[in-house]
Amino acid sequence: MAQGPETESVETEAQLIDQMLMCPVCPAESIDQVQVEIAKQMKTKVRQMLLDGYSKKEILNYFEERYGSDILAAPPKRGTMIFAWIVPVIVVIAMLCIGIGVILKMIKRHPVELSDNKNDPQKYIRMDDQNKIDES
Amino acid sequence: MFADIGLVTLWISLVIAVYSLCAAVLGRLYKVTELITSSYRGIYILVVLIFVSTLGLVGAFVSNDFQVLYVAAHSNLAMPDIYTWVAFYSGNEGSLLYITMILIVFSALSIRFSGKVTSDVLPIVAAILMAVLIFFLLVIIFMANPFEKSLIPMIDGQGINPLLTHFGMFFHPPALMAGLICCAIPMAFALAHLISGKCEDEWVDQGRIWGLIAWGLLAVGLLLGSWWAYTILGWGGFWFWDPVENAAFMPWIALTAFIHSIIVQKRRSMFRMWNIVIINIAFSLSLYGMFVNRGGPVPSVHSFGASDLGWVFLGFLAVGIMLPFAVFIWRFKLLTSARSLESMLSREAAFLINNLLLLGIAFVTLWGTVYPLISDLLWDERITIARPYYDQVNGPIMLFLVVIMGIGPLIPWRNSNWKSVARALKLPLAATVISFVLLIIGGIREIIPLIAFSTIVFVLIGILREWFKGTKVISSKSGSMFIVSWIRLILANRTRYGGYIVHISVLMVVLGVVGSSFYDYQRDVILMPGDTYDIKSYSVKYIKTEEKLYSDRVEFTSVLETYKDNKYIGELRPQRSFYPDFNMASTRASIRSTPVEDFYAVPSENSEDGSVAFRFMINPLMWWMWMAGPFVIIGAVISLWPSISRNKVS
């Protein structure tokens, strides 16, 4: 039961789309994951639309129009739904900036002469002693 | 009879817990040592009492006492005795009793083996832990009583949820629940020291030990849950950012941050304020994790179902967040570090970046979990946030974190300069570039796997290089064999090298995640007996399906002759069972696993005419993910070892 190269790539593409569509009746699972009737129908529709030449975007739009935005496994990046994406990015970048800013402020207050740790053959032996300090 | 013993001991436990709390507080306030000692004795007695209560519930299961509502709801005559342990904690009431048992055991251990914690602080630790215990006892006795009986005698029960009849279920929920409640221990030590005005480094040792224990338990629980999902949920995935998964993931992330930043405090007496904040975040998230599936508003495969309990837990969560925060504000001025950060190019700074990235991941996870609710409330807009979202947002942060995991250990403490850092980076970077090129030559073209695999090489070479150099030094000094010297090296600095072993296990997980996410191959197909199906280099011949009838289910086992490169490699026997009482099917995948790839077969439907719908998957590198489990445990144990042996009785 071999598959031709055309159906191969369609199937691969279809699975990617399956993973982006939620099952309307199951709790928090994609149609790729479940076996209920409506999920199977949706999967068939996805493959049919791919064979008819629709793009991934068009197929996702098709389902979104009929079932609402919550049929998509991730919110589209438009309108108020963009907050889902933007807020965490801003927060994480802000955290890193604030963190680095605090570090730099601390350093400015206590400037330390940076000595060049030249090639230190004793480094690992000294590590033993350092470890003794650690363990105490 | 068992249930009666169970309930009576709970009541007695409540009384003694209240006593221990009062004795600890009064003994501390009026400096009466005898009261404090009796408080601790009460705690030790509670271990026995609550354990007896637990045995009461187990006994009720084993004796098939279906008059006990909880037993009837979670077992039946057909259930093999071995699942009694699982049934005990599989429901809301029983799991609360389990959590309470773990809490008292950990509390008693932490009081008994409290290291250098002074006698003016330890009673406060005891009081805090007793307060938490009393909360759980009250909830169990008055709102979620596993020993409640029905008025009518029952002949048989409903049975255990079919999804739970899996080896992983013996350890996944207990490990997770133990890890979550364990967060109360380091938090209690932190809080008690703050209340006592001891705002330097006195709590660091106990904080680190119990933080590491909680972390290890959650890590094992999360990995086991993933393994369970992989083999039993029937779709070849192992993590899908389910709200309840996230609720256990977030405290684990916070604890990962904590076990790193606490090292800085231990070494250099820095990050004092930061560590209080982090442990409070971890504790708050663990409370959220414990309560989200008991009356939570989010739909999930895990939900116990909504109830009034949700409000009670929300209240406790609020108190659990606000009280430590209030104490933190109260003692804010005293929480200053002994030293300051000296350079951006220092181990301390690297740890801080590590912490920020981890908190970032926790925030993204939290945002993804709650944003659908926010969106619905604010704009009446219903959206879903599932795996594709987290892949795009958390993915890059996690990848960056793995890079830091490789760089951080190579940077010295306090300060350094680019020259010496470059020297340390030379070999790992060279290996990385070589592997990058080799990967491209080997056919890998996708950017994320390229970066991820190269980063794995980078981190690994960094660790191996340090191990090699250190071993060589010890070996030349002492003249012993290489392997002996290596072991001595590990034991000489267990914190660091235990950590490296855990880092290696992280690399193994990354391998599994990237391999299976980017290079998996999946086909759903319906086969009649006698059909052959080719999938890449594999070939399966569907022989037949054996049907076995049990009193609570029908079990279909399909026999597949499997060939790879036209050579017979064995039989796969994926299974599907249907439970009419639960109107639920459960599947068991049959997997041929090698370090290179998993060949995975699971049936999704058994038809009347003997045909079966199968899902076949080829999942590269999954094997590495499960192998990481033992390494996590070994690494955590090594990291904990000296502290345990050095702890004196208080």
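Two strands count as paired if DSSP finds at least two bridges between them, and that criterion underlies the first stop of this tour through a predicted model.

**The sheet of chain B**

Begin by selecting strand β10 of chain B, residues 612-620, which is mostly covered, since 8 of its 9 residues are buried. Within β10(B), pick out B:F614, which has B:V525 standing opposite and which is also the bridge partner of B:P603. Now add strand β1 of chain B, residues 521-527, which runs antiparallel to β10(B) and is joined to that strand by 7 bridges. A further pair to display here is B:Y521 with B:I618, the latter being the bridge partner in β10(B).

Next, colour strand β9 of chain B, residues 597-606, whose antiparallel pairing with β10(B) consists of 9 bridges. The two strands β9(B) and β10(B) make a hairpin with 5 residues between them, and in the turn B:G610 has a positive phi of about 90°. Strands of a sheet pair through backbone hydrogen bonds, either parallel or antiparallel.

With these strands on screen, extend the selection to the whole sheet, which is open, has 4 strands in the order β1-β10-β9-β8 of chain B, and is paired in antiparallel fashion. Strands β1 and β8 (590-593) of chain B stand at the edges with a single partner strand each, so one side of each of them has no neighbour in the sheet. From one strand to the next, the twist averages 15°.

**Leaving the sheet: B:L621**

Move on to B:L621, which lies in the loop between β10 and α19 (622-646) of chain B. Its phi is near 70°, a positive value in a residue other than glycine. Is B:L621 buried or exposed? B:L621 has 24 other C-beta atoms within 10 Å and is therefore buried, given that 20 or more are needed for that class.

**A second positive phi: B:R414**

For comparison, select B:R414 in the loop between α14 and α15 of chain B, where phi is again positive, at about 70°, although B:R414 is not a glycine. With 17 other C-beta atoms within 10 Å, B:R414 is partly exposed.

**The packing of α1 and α6**

Now show helix α1 (residues 2-29) of chain B together with α6(B), and look along the pair: the helices pack at an angle of about 155°, with their axes 9 Å apart. Angles over 145 degrees count as roughly antiparallel, and α1(B) and α6(B) are therefore described in that way. The crossing of α1(B) and α6(B) is left-handed.

To see the contact itself, display side chains from both helices, including B:L10, B:W11, B:L14, B:A17, B:L21 and B:R28 of α1(B), and including B:P123, B:I124, B:M130, B:I134, B:L137 and B:I141 of α6(B). By class, the residues of this contact comprise 19 nonpolar, 3 polar and 1 charged.

**Past the end of α6: B:A144**

Follow the chain out of α6 (122-142) of chain B and stop at B:A144, which is in the loop that leads to α7 (172-182). Which residues does B:A144 touch, leaving aside those up to four places away in sequence? They are B:N92, B:E93, B:L96, B:V139 and B:L309. B:A144 is buried, with 23 other C-beta atoms within 10 Å. For a sense of scale, draw a distance from B:A144 to B:T562, which is 418 residues away along the chain, and the C-alpha atoms will be found 49 Å apart.

**Where chain B meets chain A**

Finally, bring chain A into view and select the contact between the chains, which takes 52 residues from chain B and 45 residues from chain A. On the side of chain B, the elements that give two or more residues are α13 (347-379), α14 (387-407), α15 (418-442), α16 (447-478), β2 (532-535) and β9. Of these, α13(B) gives the most, with 11 residues. The same side of chain B has 27 nonpolar, 13 polar and 12 charged residues.

Chain A itself has 5 helices and 0 strands, and 22% of its 136 residues count as buried. Among contacts in chain A between residues at least 6 apart in sequence, 43% join residues that are at least 24 apart.

Terms used
Residues are numbered from 1 along each chain as its sequence is written. Chains are lettered from A and ligands numbered from 1 in the order in which they are written. This is a predicted model: local features need pLDDT of at least 70, side-chain atom pairs count only at pLDDT 80 or more; totals for chains, interfaces and linings use all residues. A residue is buried if 20 or more other C-beta atoms lie within 10 Å of its own, exposed if 12 or fewer, and partly exposed in between; C-beta atoms are placed from the backbone. Two residues are in contact if their C-beta atoms, placed from the backbone, lie within 7 Å. Axes are lines fitted to C-alpha atoms, for helices over the stretch in contact, and angles run from 0 to 180 degrees between N-to-C directions. Angles under 35 degrees count as roughly parallel, over 145 as roughly antiparallel, 65 to 115 as roughly perpendicular and the rest as oblique. A crossing is left-handed if the near helix is turned anticlockwise from the far one by less than a right angle, and right-handed if clockwise. Ala, Val, Leu, Ile, Met, Phe, Trp, Tyr, Cys and Pro count as nonpolar, Asp, Glu, Lys and Arg as charged, and the others, Gly among them, as polar.
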